[in-house]
Every structure is written in C-alpha cells, then in structure tokens.
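User: I am new to this structure. Please take a close look at one hairpin, then show me what lies around it and elsewhere in the chain.

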Amino acid sequence: MSEQAERTLSPPDNSLTLSDRQFRLWADMLESRTGVIVASDREAFFRSQIATRVDELGFDDADAYFHDVLATVAGMGEWSLLLDRLLIKETRFFRHRESHEFIRDTLYQSLQEGRRDLINLWSVGCSTGEETYSLAINAFEAFARARVKPLFAVTGSDVSRSAVKEARDGTYTASHYPNITEHEMVAYFRKLEGRRITVKQAVKQNVSFVINNIFEHNDGFFAGKMDYIFTQNMLIYFKRWRRKEAVNFMIEYLKPGGYLIVGPGELSDWQPSGITRVNYPGVQAYQKPPGNDQ
C-alpha cells in the first residue's frame, strides 16, 4: 500500500487503543480467514483501522466489535467491509513488464504451432483489475501477431468486494498506467477528463471478475482449468506453509502444459512439485508438464 493511501485512511489520532491481546485476536482472524499476515511495518495502520471502525459503529471497545464480527449474521458483511480497508493494495498496469512479455511470447508460440481452442487465463489477487486487463491485452497482442481471431477468457479474482467493483468499472487515474505504451493506450483504452482512462468495451467482453478467497476451496469454482495463472506480490503476504497451500491449489487448476507466473523472488525458497521452472530472463514462471493432469 502506498504511504499516501495509508495517510488518507488513517485518522490523525484515535481515542481507542487496541491492547496487544486485542491486536493479536484480530491479526489471527485475518490470517486464519485470508492467509494474510500483518507485517511489523503495517501494525500501526492495522490497529488504527480497527480502532476507527469501532468508533464509527459506536462499540464500547474492540472486544465487543470482535464478537459482533465473529459471531453474528451481520458480522459477515462487516468483515467484508473491514477487509476492504485492511487489504487495499497499490497496483498498476503491466507492473512487471517481463512477466507480461513472457505470456505474449508463449501464447504466440502456441498459436503458431496450431493451437485454436479457448485460452483461459486467471489473475489471482487481482485487486482493482489492472493486472487482469493487462492479461487480456497480452492475449489480444499475441493473437494479433499470429493473425488468428482472438479466442480467450480472463478471470480476475480477489477477496475484496470493493476492489472487484472497481475492477468491473475499469476506470483508472494516471498513477495506475505509467507503463502503458502509446500503442496499447490507443488500441485498448479511452481517455477521459482529468487524466483518467477507461478500458474499452471490446476488452471487457473477454474479462470477468469474481469475489473469491483462494483458501476457501470451492469445487467447480471454474468450469475448466487454466492455461495461465498469474499473481504478483500476493504470496509475500503469506506465511511459508500458506504460500505452499496457495501454490498447490493453483497448480491443481493448471491444464497440462499450462503456466504459473508469480512475482520475481516470491518462491525463491521452495520448488513446487508438479511443475518445472521455465528459463525466461527476469521472470519467475513454471510449467505443468504436458499430459500430466494430476
């Protein structure tokens, strides 16, 4: 999260201060439900957001608010709202350009080799949608280069309802698109007033967004398996065993021959089983062996 975003959401001071015990209760709930751990440099922000919400709702203390979120029907909706405050992430289009070039190159190669069935791509932890739409642009570019009619679908998933709502709208300010080329801007976006842009409808038609927690495994979450699964800077928020759980789940959703692309260094301490590292400069990508549908 950017420092500016934290200053905007954090009040100048709170009358309520969470005790260490109360902080641990909330931090443990966040980890158990989402896998996200509260890093030491974000603890003050985390405490501030809880305290602010307690004050906004008129609870006597953080324990009463915790019980309401944990044990009441209304608490489910409140938990979703609180997550939107706690998990706001800074993102932008083509944040790691090399990873996107990898997708364009490998997809183009498969099309050159004669592939013509539907290509499925999944953006995990998509936040407000910039990376999801970037994947769609990657696909459009690969199909155009191969001179093949586009046939693909991109799904973005995130635990935050407000983030998914913004993603579906597809309108962004200047800070979100410094990496977009002039060609990409003309082909895939419309410029609006105030240095804002919006994704063209032709792109949106190939993209969908869903609210999903990757640790809540739902059978049939997708109708089919994925050719590309893409996530950037999501795994760093998880403990090591949680990272393994998330990656193993994503591997299950890969088609034979499909690719998993993560942020550089996110899996530097572990080699997942069932996939092999791809040799591509500057990119941390893995491929599920063709014919291995485990």
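Analyst: Start with a definition: two strands pair if DSSP finds at least two bridges between them. Keep in mind, too, that this is a predicted model.

Now to the hairpin of β9 and β10. Strand β10 covers residues 284-287. Strand β9 covers 276-277. The two run antiparallel, and two bridges join them. T276 of the hairpin has Q287 in β10 as its bridge partner. R277 stands opposite Y286 in β10.

Next, the turn. Six residues lie between the strands of this hairpin. G282 is found in that loop, between β9 and β10. Its phi is positive, near 75 degrees. What does G282 touch, leaving out residues up to four places away in sequence? The residues are H96, E98 and P264. L86 is another matter: G282 and L86 are 196 residues apart in sequence, and their C-alpha atoms are 31 Å apart in space.

Follow β10 to its other partner. Strand β8, residues 254-262, is joined to β10 by four bridges. This pair also runs antiparallel. V262 is one of the residues involved, and its bridge partner in β10 is Q284.

Step back to the whole sheet. Seven strands form it, in the order β6-β2-β1-β7-β8-β10-β9. The sheet is open, and its pairing is mixed. As a general point, strands of a sheet pair through backbone hydrogen bonds, either parallel or antiparallel. Where does β9 stand in this sheet? It stands at an edge, as does β6 (207-211). Each of these two has a single partner strand, so one side of each is left without a neighbour in the sheet.

A second sheet is also present. It is open, has three strands and follows the order β3-β5-β4. Its pairing is antiparallel. The edge strands are β3 (171-172) and β4 (189-191), each pairing on one side only. Three bridges join β4 to β5, residues 197-199. Among the partners here, R190 is matched with T198 in β5.

Now the helices. A salt bridge joins the side chains of D63 and R21, at 2.8 Å from N to O. D63 lies in helix α4 (residues 62-71) and R21 in helix α2, so the pair ties together parts that are 42 residues apart in sequence. The whole structure holds 15 salt bridges.

Helix α2 also takes part in a pocket. The second largest pocket has a volume of about 380 Å³. Its lining takes two or more residues from each of α2 (20-34) and α5 (74-86). The most comes from α5, with four residues. In total, 13 residues line this pocket. Nearest its centre lie W79, L83, V159, R161 and E216. The lining divides into five nonpolar, five polar and three charged residues.

Last, confidence. The mean pLDDT of the protein is 86, and 90% of its residues reach 70 or more. Over residues 1-14, however, the pLDDT is below 50. That stretch still has 21 contacts in the model beyond near neighbours in sequence.

Technical notes: Residues numbered from 1 in each chain as written. Predicted model: local features only at pLDDT ≥ 70, side-chain atom pairs only at ≥ 80, totals over all residues. Heavy atoms only, no water. 1 Å grid on protein atoms, 1.4 Å probe; cavity = no way out; pocket = protein on both sides within 12 Å on 5 of 7 lines; lining within 4 Å. Points joined across faces, edges and corners; volume = space filled by probe spheres on them. Nonpolar A, V, L, I, M, F, W, Y, C, P; charged D, E, K, R; others polar. pLDDT = per-residue confidence, 0-100. Contact = heavy atoms within 4.5 Å. Salt bridge = Lys/Arg side-chain N within 4 Å of Asp/Glu carboxyl O.
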